[in-house]
Amino acid sequence: MKRRWILWLPLGLFVVFLGFVAFGLYAPAERTIQSGLIGQPVPDFDLPPGMPGRPGLSSTSLRQGRPHVVNIFASWCLPCRVEAPQLEALSRRGIPIDGIAVRDRPEDLAQFLATYGDPFRTIGADTDRRVQIELGSAGVPETFVVDGRGVIRHQHIGAITEGDMATIIAAYEAAR
Amino acid sequence: MRCPSLRGAQRRGNPTGLGGRTGLLRFARNDVLGAAALLSVLATATPAFADSLLPAAEYANRQLPDPRQEARAKALMETIRCLVCQGQAISDSDAEMAGDMRSLIRTRIAAGESPESIRAWLISRYGEWVTYDPPLEPVTWPLWAAPALLVLFGLFLARGRFRRRRAKS
């Protein structure tokens with residue numbers, strides 16, 4: 001008789017299980033994947049120029065004492081068009097912006113920059129997405145703030161909006 | 001994004017509400033004209049995440065020549081989560097990024113790297129979330145111990161039943 005309660009235990013466990021399932025089903029699915037490299041040095045890479053007349057991007061150029069904003073973008077990426085004015089604004093403030101063009105072609109890049117503005121100091125061609133994966137970036141656009149010693153200080157996932165500007169600028173100032 | 005995910009449609013604002021229960025009912029009540037209009041909208045909608053114009057990576061859809069290496073690469077790819085289609089393994093996903101990750105894994109396996117070291121490398125980039133085969137750690141031990149504990153609990157319950165029956169007979 002004293003073990004009556006134990007008969008209800010499986011049902012109780014099942015209800016708890018159902019609770020977990022319901023939570024998993026109805027919780028918002030939006031999930032951004034932070035890079036595991038924040039606070040760590042930029043991995044070694046050396047990307048060729050994405051288009052003629054523009055230097056490519058290597059990890060050594062990110063370790064030369066000045067902080068950098070590294071923008072991972074692509075001409076075929078729609079949100080990248082949305083953030084173009086914000087990148088222009090950052091560039092006008094004197095913040096150097098280095099581009100990593102993911103899976104892009106020189107002619108498409110040229111057209112994209114002519115249409116949406118060109119804030120990039122350098123553009124590295126990440127044709128096989130190797131460097132994007134190396135950096136722990138899960139999509140385009142993403143923006144990294146790298147300090148003068150080449151340590152990743154901040155990661156912004158998705159297009160930079162007006163409202164994100166303060167955070168990016170603060171991260172850049174903090175990386176000085 | 002090429003993955004047919006209902007969640008994705010809802011996230012993108014799903015103007016038709018086709019995913020919801022009420023949306024389905026409304027859809028059922030609609031006339032043929034409305035359905036045709038809806039279909040044409042769905043057919044012409046551009047995906048939010050377009051793919052690039054470049055061809056798929058070298059080893060995205062091509063097997064390694066060495067069957068043993070290919071088997072190891074495949075086993076690993078089946079337990080790595082696609083980052084854009086977040087419910088699929090990269091071996092199942094049509095997303096371009098999944099193809100690039102397959103190519104990366106096959107290339108590194110062909111170069112002699114071990115699957116577990118590639119997994120560790122990916123975890124250091126994307127967190128433990130990227131693997132469907134979670135490592136045994138303090139945070140994950142309930143996950144691994146739960147089945148064993150539940151079986152023990154079941155045996156304990158069964159033992160009680162058998163003992164009572166034996167006592168009666």
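What follows is a friendly exchange about a predicted model.

Modeller: A word on conventions: residues are numbered from 1 along each chain as its sequence is written, and chains are lettered from A in the order in which they are written. In this predicted model, local features need pLDDT of at least 70 and side-chain atom pairs count only at pLDDT 80 or more, while totals for chains, interfaces and linings use all residues.

Biologist: Thanks! Which elements of chain A give two or more residues to the largest nonpolar core?

Modeller: A nonpolar core is a set of buried Ala, Val, Leu, Ile, Met, Phe, Trp, Tyr and Cys residues joined through C-beta atoms within 7 Å. Buried means 20 or more other C-beta atoms within 10 Å, exposed 12 or fewer, and partly exposed in between, with C-beta atoms placed from the backbone. The largest core has 38 residues, with A:F73 and A:V140 among those with the most contacts inside it. Taking helices (H or I, at least four residues) and strands (E, at least two) as DSSP runs numbered from the N terminus, the elements are β3, α2, β4, α3, β5, β6 and α5 of chain A.

Biologist: Which residue does a cis peptide bond join to A:V140?

Modeller: A:V140 is in contact (C-beta atoms, placed from the backbone, within 7 Å) with residues including A:I72, A:C77 and A:V102, leaving aside neighbours within four places in sequence. Its cis partner is found in the loop between α4 and β6 of chain A. With omega about -10°, that partner is A:P141.

Biologist: Is A:R129 buried or exposed?

Modeller: A:R129 lies in the loop between β5 and α4 of chain A. Its phi is positive, about 65°, although it is not a glycine. Because 25 other C-beta atoms lie within 10 Å, A:R129 is buried.

Biologist: How is α4(B) set against α5(B): oblique or parallel?

Modeller: The two helices pack with their axes 9 Å apart, at an angle of about 140°. Axes are lines fitted to C-alpha atoms, for helices over the stretch in contact, and angles run from 0 to 180 degrees between N-to-C directions. Angles under 35 degrees count as roughly parallel, over 145 as roughly antiparallel, 65 to 115 as roughly perpendicular and the rest as oblique. Therefore α4(B) to α5(B) is oblique.

Biologist: Last one: how many residues does chain B bring to the contact with chain A?

Modeller: Chain A brings 23 residues. Its side has 9 charged (Asp, Glu, Lys and Arg), 8 nonpolar (Ala, Val, Leu, Ile, Met, Phe, Trp, Tyr, Cys and Pro) and 6 polar residues (the others, Gly among them). From chain B, the number is 21 residues.

Notes
Two residues are in contact if their C-beta atoms, placed from the backbone, lie within 7 Å.
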